[in-house]
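Thanks for coming. I will take one structure today and go through it site by site. Please have the viewer open.

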Amino acid sequence: MSHPIAGRITFNLVAGILVTVVTVIAGVVWMAYRQNDQAAAQTRTMVMGGIDAMHTRVQGLANDYSWWEEAYDAYQRGDAAWIEANIGTGIVDTQIADFLVILSPDHQVKYGWWTPPEAPNTASVMSPALIGKIEDLIRTAPVENNAARSSYVETPAGTLLFAVSRIAPVSNASSVDPSTLPVLAMGFYLNNQRLSELGRSFLINDLSLEPVKANETTHEFPEIRDIFGKVIGRLVWTPPTPGFAVLRNVVAPIAGGLLIFCLIAMWTVLRARRLALSQALSEQQAIEAARTDSLTGLTNRFGFNELSASAAFEEACARGEAAIIYLDINGFKSVNDSIGHQGGDVLVGMLAERLSMILPSDARFARVGGDEFAVALTGRPALDAVAGVASAMVHALDQPFTVTGFQFQVTAAVGYAVSDGIDVSPEELLRRADLAMYQAKNAAERDAVPYHSGLETGALHRKRLGMALRGSIEANEMSVVYQPIVRASDLAVVSLEALVRWDSKEFGRVSPAEFIPVAEETGAIHDIGKFVFQRACQDMVDWPGLRISINVSPAQLRDPSFANDLGAIARRHDVVPNRFKLELTEGLLVRNPTIAKRKLARLKSMGFGLSLDDFGTGFSSIGYLRQFPFDWLKIDKSFISELGANPTANALIQSMIALGDAMDIAVVAEGIETVEQLQLLRLLQCEYVQGYYLAKPMPAEEITALLARLGESRRILPELELPSFEPGRSALNLQS
Ligand code: C2E
Ligand code: MG
Ligand code: MG
């Protein structure tokens with residue numbers, strides 16, 4: 001299976017390994033080349049130094065034979081015998097040099113000796129041109145000790161390295177005219193034997209003099225020029241490569257190291273990839289499952305709410321091309337009672353199938369409750385047919401169903417609403433269809449009921465409530481009660497939900513469910529909200545360690561100064577926001593997700609915890625859980641009241657808990673009224689519970705007394721036995 005997370009992890013792995021391998025290899029190779037370069041430069045310096053030493057040696061020799069009083073005298077005397085005995089024989093016998101020539105001041109070769117004997121004769125080498133050059137070389141040299149000059153010349157027998165110097169009378173050298181002195185030239189062949197001896201002294205085996213090829217441009221090796229200035233060759237050797245030697249030695253360990261690194265990296269990342277994949281998969285599966293009704297395969301309430309909250313449906317509503325049909329089965333309870341839930345399930349399946357057949361192909365058909373169905377229709381043709389479809393749904397049940405040999409007759413209450421294009425949101429359309437369905441339930445005639453404004457009642461009553469709400473705080477009619485929220489595993493009280501109470505002089509006690517919507521309409525909700533929060537700040541001083549849940553209406557959240565006001569009140573009472581959870585319903589999230597996201601992020605950053613209240617009713621898009629930073633979700637009490645009695649409710653609760661698990665959101669179940677509900681929720685591993693069975697909402701003093709009674713453990717209902725449940729949730733079959 002391919003998944004973006006897997007793709008990203010694989011890419012990172014391959015890139016990481018490649019970068020590491022390439023970096024290591026490039027680094028090692030670079031180091032080897034650098035070492036080679038350094039060694040090459042070093043050898044070049046040594047070779048040049050060796051050549052310089054050879055020049056110094058040949059110059060020293062020439063100096064020894066020319067800065068010599070007796071030799072000068074013998075030359076002046078023309079004493080050939082003395083010269084042969086003291087100079088020539090020495091050259092031939094000792095082979096101290098390969099040749100020695102003495103030139104007269106007028107450039108004639110006077111004496112010449114060569115070794116070995118097969119060397120060229122003096123005349124063929126000592127051309128007038130060479131003698132002229134020798135004169136040029138020596139002309140600038142002073143007549144003194146150590147004034148010899150050296151150069152090269154090519155001969156048929158090889159390249160000669162030689163030095164020249166004037167034979168001078170040591171005693172009065174400064175007073176003689178240099179041009180009257182004879183010149184001595186001597187030296188030796190720069191043959192490959194000599195060169196390789198020289199090379200070996202600095203560990204080069206193959207130092208040699210090679211002719212320069214035409215167009216050769218390399219300057220790596222030094223050139224040798226003869227006395228005429230002509231390039232006669234190049235000193236060539238194989239540069240040492242210590243870098244490569246090191247490279248050869250480290251290749252195996254580095255390759256091994258890299259291999260081990262790659263294996264470890266691959267192993268680590270593959271593991272991470274598998275983990276990420278399975279997590280993404282289980283989240284995906286949880287979401288899929290949460291959208292589908294397992295019994296009929298139809299979309300369930302979540303899925304339907306998501307659909308109706310979708311942009312496409314909203315646009316269809318705005319265009320006046322959307323309709324909702326609600327259908328509620330009557331008489332279903334007697335089916336369950338007579339043939340059990342399993343039989344009831346079979347009937348639901350048959351019902352869904354029969355209803356599906358009469359719906360247009362593009363209708364979205366959903367099972368939104370145990371015996372409640374809903375249809376969403378969009379588009380002009382579908383709308384024109386909606387009355388007919390709704391009516392057909394009623395009459396589809398005229399024929400009885402046969403389940404396990406028994407015949408059952410059920411009826412359906414069907415209501416529907418069509419968007420008229422003027423200010424009808426999907427939420428409003430759902431409400432209208434719901435209202436129409438309730439009308440159908442109570443109607444005498446068995447037919448589908450369309451929504452009409454006549455169904456709206458109590459408008460006047462709401463107006464009077466709104467008036468009475470004004471000044472209710474000042475009149476001390478408002479108070480706050482607290483209901484414990486309990487950890488399911490050990491029934492310890494962990495937090496309290498603050499709930500407002502209104503004891504009106506005019507109407508008596510009015511339920512918040514009735515007056516809060518009116519307060520939202522008139523704007524009184526802002527003052528009520530601040531009153532509750534302030535009261536909670538005061539009361540909670542007596543309950544260290546407990547968090548307080550505060551209900552927040554969408555209208556309050558829309559108020560730009562809401563977050564600042566809460567912050568200021570908390571500061572004034574010296575309470576940290578971390579001790580509060582704000583309970584929100586989805587209203588604002590649906591209408592204005594971008595603004596809501598910003599506001600929630602702000603509250604969160606101030607330290608407030610966020611809880612999604614009444615989850616499962618309204619729009620409850622699973623998308624909200626992912627988009628908004630909720631820490632808790634509260635499963636609405638309408639699900640809990642059906643727990644155990646209605647398999648669909650069980651399945652839905654189970655998927656909500658799984659959803660919370662998959663998204664790392666704590667799940668609270670509210671409205672627990674019986675011990676069976678409590679134990680079932682514990683069995684389903686619901687983390688927190690709240691309800692009349694555990695504790696009713698009570699005034700602050702009663703909470704303080706209760707906490708004192710419960711003591712350290714804060715455990716509520718100590719007499720209740722708490723079987724500990726081990727997981728294996730999937731093995732549970734709550735429907736049987
Ligand atoms: P809610 O936030 O879902 O609060 C839970 C409601 O369920 C409360 O009703 C609580 O008394 C009730 N309840 C708790 N346990 C059980 C049980 O076991 N069975 C049944 N049937 N009900 C149970 P209440 O106090 O009437 O509040 C109704 C709604 O009014 C609240 O629903 C909340 O949405 C709103 N409300 C209450 N106080 C405030 C408030 O201070 N500010 C705002 N904005 N809304 C509030
Ligand atoms: Mg609440
Ligand atoms: Mg609630």
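Start at ligand 1 and Glu673: a polar side-chain atom of Glu673 lies 2.6 Å from a nitrogen atom of ligand 1. That is a polar contact, meaning a pair of N or O atoms within 3.5 Å; within protein, one must be able to donate a hydrogen and the other to accept it, and residues adjacent in sequence count only if both atoms are side-chain atoms.

Before going on, the conventions. This is a predicted model, where local features need pLDDT of at least 70 and side-chain atom pairs count only at pLDDT 80 or more, while totals for chains, interfaces and linings use all residues. Residues are numbered from 1 along each chain as its sequence is written, chains are lettered from A and ligands numbered from 1 in the order in which they are written, and side-chain values use heavy atoms, with hydrogens and water left out.

Back to ligand 1. A nitrogen atom of the ligand is 3.0 Å from a polar side-chain atom of Gln483. With Ile672 the protein partner is a polar backbone atom, and it sits 3.4 Å from an oxygen atom of ligand 1. Which residues come nearest to ligand 1? There are 23 residues around it, and Arg501, Asn551, Asp613, Glu673 and Tyr692 come nearest; a residue is counted as near if one of its heavy atoms lies within 4 Å.

Two names in that list, Asn551 and Asp613, bring us to the metals. The magnesium ion (ligand 2) has as protein donors Glu497 (OE), Asn551 (OD1), Glu583 (OE) and Asp613 (OD), at 2.0 to 2.2 Å. Donors here are N, O and S atoms within 2.8 Å of the metal, or 3.2 Å for Na, K and Ca; water is not among the atoms, so sites may look incomplete. Along the sequence, the donor residues of ligand 2 follow the spacing E-x53-N-x31-E-x29-D. Of these, Asn551 in strand β19 (residues 547–552) and Glu583 in strand β20 (residues 580–584) are 32 residues apart, so the pair links distant parts of the chain. Strands are DSSP runs of E, at least two residues, and helices are runs of H or I, at least four residues, numbered from the N terminus.

Are those two donors buried or exposed? Asn551 is partly exposed at 28% relative accessibility, whereas Glu583 is buried at 2%. Buried means under 20% relative accessible area, exposed over 50%, and partly exposed in between, with a 1.4 Å probe and protein chains only.

Now the other ion. For the magnesium ion (ligand 3), the protein donors are Asp613 (OD), Asp614 (OD), Glu670 (OE) and Glu670 (OE), at 2.0 to 2.7 Å. The spacing of the donor residues is D-D-x55-E. What connects the two magnesium ions? Asp613 bridges them, and the ions lie 4.2 Å apart. Asp613 counts as buried because its relative accessibility is 6%; Asp614, at 22%, is partly exposed.

Next, charges. The structure holds 25 salt bridges, a salt bridge being a side-chain nitrogen of Lys or Arg within 4 Å of a carboxyl oxygen of Asp or Glu. Glu497, Glu583, Lys634 and Glu670 are linked in a network of them, and Glu497 and Glu583 are also donors to ligand 2.

Away from the ligands, Arg291 pairs with Glu306, with the closest N and O atoms 2.4 Å apart. Arg291 is in helix α7 (residues 242–291) and Glu306 in helix α8 (residues 301–309), 15 residues apart. Arg291 is partly exposed at 27% and Glu306 is buried at 15%. Another salt bridge joins Arg380 and Asp384 at 3.3 Å, N to O. Both lie in helix α11 (residues 380–384), four residues apart, about one turn. Arg380 is partly exposed at 42%, while Asp384 is exposed at 60%.

Last, a charge with no such partner. Asp539, in helix α16 (residues 525–539), is buried yet has no salt bridge, and the nearest side chain of opposite charge, Arg535, is 5.2 Å away. For that count, Lys and Arg are positive and Asp and Glu negative; His and the chain ends are not counted. Leaving aside neighbours within four places in sequence, Asp539 is in contact, that is, with heavy atoms within 4.5 Å, with Tyr482 and Ala700.
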